Amino acid sequence: MSAARPGVTSIFFGASTVHVFDGVTSILVDGFFSRPSWARILAGKVAPDQERITAALERGGIDHLDALFVAHSHHDHVMDAPDVVRLRGGTLYGSPSTLNVGRGAGLPDDSMCVIADGDQVKLGDFTVRVFEGRHSPGDHYPGTIDEPLTTPAKASAYRTGGCYSFLLTHSAGRMLVHPSANFVPHQFDGLDVDFLYLGVGALGAQDKQFQDDYWHHVVEATSPSFIVPVHWDDFSRPLGRPLRTMPFFLDKAARTKDVLIRKAGESRIPWRFQDAFEIIRPFDGPNAANDA
């Protein structure tokens, strides 16, 4: 793999929100910080929480953005994205559904860009390649958002739209951010990466064959040197409190952890969970998950 260049860091903010920064170029995936309660998600309406968004950005040291890539258009990925771009700049990249969330929030079209499978976006020393995939099994809100979506809105209004993974290539190394625990067979074959943010949401609720196939087509295909799971935490819990696992009605957290232990052991790939706001150096080989 590529020799590490000091200065490339990544921060995890729960769910599948990840910030990657090389000292110059600032890239965010999803940017979900409001994290409304389950009562609002299931029986009420949700909306961005400006105080929580600003607090998370400040605590994470994100003072500017060059790009914000949205994995898909459920509320726990896209809801805050327009406000984050308004506060920190940059371009919002996502599906047509994501752009309709941006329009509903009043974001101008010249600050947004539609993405599709195979697109490559050059950002400083980074190139971001887009892979269109599949949402994890049990998608509660499939479909598309076909007109501007204003808030407050029911969580069910946030339809999936396109579902994407992002390969970030830098002179320091290659990172795959794969937020949804599903796969397209052979999509990543030969794509060797240094670091993998691996979506595990609802993985524990799947049967062993699916779990093995998922690992084969995502992890074994990309041969990462290190894995950090994402989308394992309860995304209704404020970021000011320690992360905890998904509630029982969404996933079987103990089984998810067992899958990681079993499959990572078989593949001999080191892994661990990353704490919220923890800064790591993803391209530093065996020290990838040490505090930066």
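In the predicted model, strands β5 and β6 (residues 112-114) are paired in the parallel sense, with three bridges between them. Within this pairing, L92 has M112 of β6 as its bridge partner. The connection between the two strands passes through helix α5 (residues 96-104), and the resulting β-α-β crossover from β5 to β6 is right-handed. Strand β5 (residues 91-94) also pairs with strand β4 (residues 67-69), again in the parallel sense and over three bridges. Here L68 is matched with L92 of β5 as its bridge partner. Residue L92 is thus named in both pairings, as the partner of L68 and as the residue bridged to M112.

A further part of the fold is an open sheet of six strands, arranged in the order β7-β8-β9-β10-β11-β12 and showing mixed pairing. The edge positions are held by β7 (120-123) and β12 (226-230); each has a single partner strand, so one side of each is left without a neighbour in the sheet. On average, and with direction ignored, neighbouring strands of this sheet are turned by 15 degrees against each other. Within the sheet, strands β9 (residues 164-170) and β10 (residues 173-178) run antiparallel and are joined by five bridges. One of the residues involved is H170, whose bridge partner in β10 is G173. Helix α6 (residues 208-222) packs on the sheet, where it touches β10, β11 (195-199) and β12. The direction of α6 makes about 165 degrees with that of β11. In general, the strands of a sheet pair through backbone hydrogen bonds, in either a parallel or an antiparallel manner.

The largest pocket encloses about 520 Å³ of space. Its lining comprises 26 residues, and those closest to the pocket centre are H135, G138, H140, F235 and L250. Helices also contribute to this lining: α1 (38-43) and α3 (75-78) each supply at least two residues. Classified by residue type, the lining of the largest pocket consists of 13 nonpolar, 11 polar and two charged residues.

Internal space was examined as well. A search of the whole structure finds one cavity of 30 Å³ or more. The largest cavity holds about 60 Å³ of space. It is lined by 13 residues, among which G133, R134, S165, H178 and N182 lie nearest the centre of the cavity. By class, six nonpolar, six polar and one charged residues make up the lining of the largest cavity.

Notes. Residues are numbered from 1 along each chain as its sequence is written. This is a predicted model: local features need pLDDT of at least 70, side-chain atom pairs count only at pLDDT 80 or more; totals for chains, interfaces and linings use all residues. Side-chain values use heavy atoms; hydrogens and water are left out. Two strands pair if DSSP finds at least two bridges between them. Helices (H or I, at least four residues) and strands (E, at least two) are DSSP runs, numbered from the N terminus. A crossover is right-handed if, with the strands pointing away from the viewer, the path from the first strand over the helix to the second runs clockwise. Axes are lines fitted to C-alpha atoms, for helices over the stretch in contact, and angles run from 0 to 180 degrees between N-to-C directions. Contact means heavy atoms within 4.5 Å. On a 1 Å grid over the protein atoms alone, a cavity is a set of points where a 1.4 Å probe fits but cannot get out, and a pocket is an open set with protein on both sides within 12 Å along at least five of seven lines; lining residues have an atom within 4 Å of a point. Grid points are joined across faces, edges and corners, and a volume is the space filled by probe spheres set on the points. Ala, Val, Leu, Ile, Met, Phe, Trp, Tyr, Cys and Pro count as nonpolar, Asp, Glu, Lys and Arg as charged, and the others, Gly among them, as polar.
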